[in-house]
Amino acid sequence: MSKELILYHYPQSTFAEKVRTAMGLKKLKWFSVITNRIPPRPHLDVLTGGYRRIPVLQVGADMYCDSHLILRTLDRLRPDSPYFFSNRLTQPLCWWWDKAMFEELLRLRVGLHGDQLPKEWLSDRQKFAPKITFTKADNEKDIPLIVQRINAHLAWLTNMLDDGRIFLLGDSMPSAFDITAYHLLWFIKVNFENETKDFFPELSQPRVVSWFQRIAALGHGTSIDITAEEAFKIAKHVEPSEPNYIHSKRNSKWHKGQLLQVLPNDMGREPVQGTFIAADDYEIVLRRSNESIGNINVHFPRAGFDITEIK
C-alpha cells in the first residue's frame with residue numbers, strides 16, 4: 001500500500017468534501033481515515049509535525065497538506081484520469097473562491113447557529129481562527145453585511161453559467177474550479193440551506209441547480225476505511241519519495257538540508273519544522289525524522305504559507 005492514496009478527513013469538513021469530490025471525478029480508489037474534528041490527532045500529528053488543518057493526503061511516507069496542493073498532487077500521481085488544471089487560470093480562480101467565501105460562510109454559520117453549536121467546537125475554532133469572533137451575537141448582527149459580501153462573489157460565479165455552458169470553464173470536463181466552487185455551496189446546503197434561500201436567490205436558478213447536481217453526481221470514488229494506526233504503520237515501513245519532479249530554479253535562497261519552518265498565514269497557524277528538500281512555484285517539501293516513524297516528507301503549497309529559516 002506504499003503508493004495508495006490515504007485521506008485523513010471527517011464527514012463535515014467542507015475542504016475534505018472538495019477532495020472527496022475530486023476522487024469522484026477521477027474515479028479513484030482511496031483509503032479513508034476518519035479524524036477527530038477537534039485535535040489532538042496523535043498519529044497524524046506525528047506524521048505531519050503538528051499541522052493543524054484537515055484534509056491531509058498520505059502516500060506512503062509522503063504527507064500532502066492543504067486541499068489546493070492535494071488536487072495538484074492527484075493530477076501528478078494519477079495522470080491517466082481527468083486533469084484538474086489543464087487551464088492556467090484554474091489555480092488562481094480556486095484561490096479566489098476559497099479565500100473570498102470560506103470565512104464569510106463560517107461567520108454566517110455562527111451567526112445563525114452559534115447557540116446550538118457545541119461549546120468545545122466553538123472554543124477550538126476560536127483558537128483555529130483567532131481573527132473571527134465565534135459568538136452568535138457578534139456575527140448575528142453582521143448577517144446582512146456577510147450576505148452582501150457573499151452575494152457579490154456569488155454573482156461572478158453564477159454569471160459564468162449564463163451562456164449555457166455545462167461546467168464553469170467549458171463544456172468538456174469539470175475542473176478543479178468546479179470542485180472548489182461546489183464544496184463551499186455544499187457547505188451552505190448541508191448547514192443552512194432552508195434558512196438562507198432568501199439570502200442567495202442565485203442558488204435557486206435552474207442553471208445553477210443543474211450545475212450543482214452535475215458536480216454532486218461525481219460522487220466520491222471508491223473508499224475503504226482504515227484506522228489511523230494502520231496508516232501510521234504504512235508510513236513507518238517505507239521511505240519517502242525523492243521529489244526530483246520539483247525544480248528549484250526560483251528558490252536559490254533555500255538549500256537542501258536547510259532547517260525551515262512552514263506556517264499557514266491565515267487559519268490553523270501551527271508551525272511545522274523540517275529540513276528543506278525542494279520547491280517549485282506551487283509546492284515546498286520538508287523532510288522530518290524521528291525515532292517513532294523514521295523519515296517523512298511533508299508537502300505544503302507555497303501560496304498561503306509563510307516559510308522562514310530557523311537559525
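Isoleucine 284 stands opposite phenylalanine 300, a residue of strand S9. I start with this pair, and I should say at once that the model is predicted. The two strands here are S8, residues 283-290, and S9, residues 294-301. They pair in the antiparallel sense, over eight bridges.

Now the sheet as a whole. Which strands form it, and in what order? There are 10 strands, and the order is S5-S2-S1-S3-S4-S9-S8-S7-S6-S10. The sheet is open, and its pairing is mixed. At the edges are strand S5, residues 222-225, and strand S10, residues 305-309, each of which pairs on one side only. On average, neighbouring strands are turned by 35 degrees against each other, with direction ignored.

Next, a helix that lies on some of these strands. Helix H1, residues 14-26, lies across strand S1 (6-9), strand S2 (29-34) and strand S3 (56-59). Relative to S1, helix H1 runs at about 150 degrees.

Helix H1 comes up again in the largest pocket, where it is one of the elements that give two or more residues to the lining. The others are helix H3 (67-77), helix H4 (90-113), helix H5 (119-128) and helix H8 (176-192). Which of them gives the most? That is H4, with eight residues.

The space in the largest pocket is about 960 Å³. Its lining has 46 residues, and nearest the centre are Phe15, Arg53, Phe102, Phe128 and Met267. By class, the lining of the largest pocket divides into 22 nonpolar, nine polar and 15 charged residues.

Where does the largest pocket lie with respect to the domains? Domain 1 covers 5-82 + 223-309, and domain 2 covers 89-218. Both give residues to the lining, so the largest pocket lies between them.

Then the second largest pocket, with about 320 Å³ of space. It is lined by 13 residues, and the closest to its centre are Lys189, Glu193, Leu203, Ser204 and Val209. Two or more lining residues come from each of H8 and helix H9, residues 206-216. Helix H9 gives the most, with four residues. The classes in this second lining are seven nonpolar, three polar and three charged.

One link between the two pockets, to finish. Helix H8 gives two or more residues to the lining of the largest pocket, and H8 also gives two or more to the lining of the second largest.

Note on methods: Residues are numbered from 1 along each chain as its sequence is written. This is a predicted model: local features need pLDDT of at least 70, side-chain atom pairs count only at pLDDT 80 or more; totals for chains, interfaces and linings use all residues. Side-chain values use heavy atoms; hydrogens and water are left out. Two strands pair if DSSP finds at least two bridges between them. Axes are lines fitted to C-alpha atoms, for helices over the stretch in contact, and angles run from 0 to 180 degrees between N-to-C directions. Contact means heavy atoms within 4.5 Å. On a 1 Å grid over the protein atoms alone, a cavity is a set of points where a 1.4 Å probe fits but cannot get out, and a pocket is an open set with protein on both sides within 12 Å along at least five of seven lines; lining residues have an atom within 4 Å of a point. Grid points are joined across faces, edges and corners, and a volume is the space filled by probe spheres set on the points. Ala, Val, Leu, Ile, Met, Phe, Trp, Tyr, Cys and Pro count as nonpolar, Asp, Glu, Lys and Arg as charged, and the others, Gly among them, as polar. Domain bounds come from an automatic or database domain assignment.
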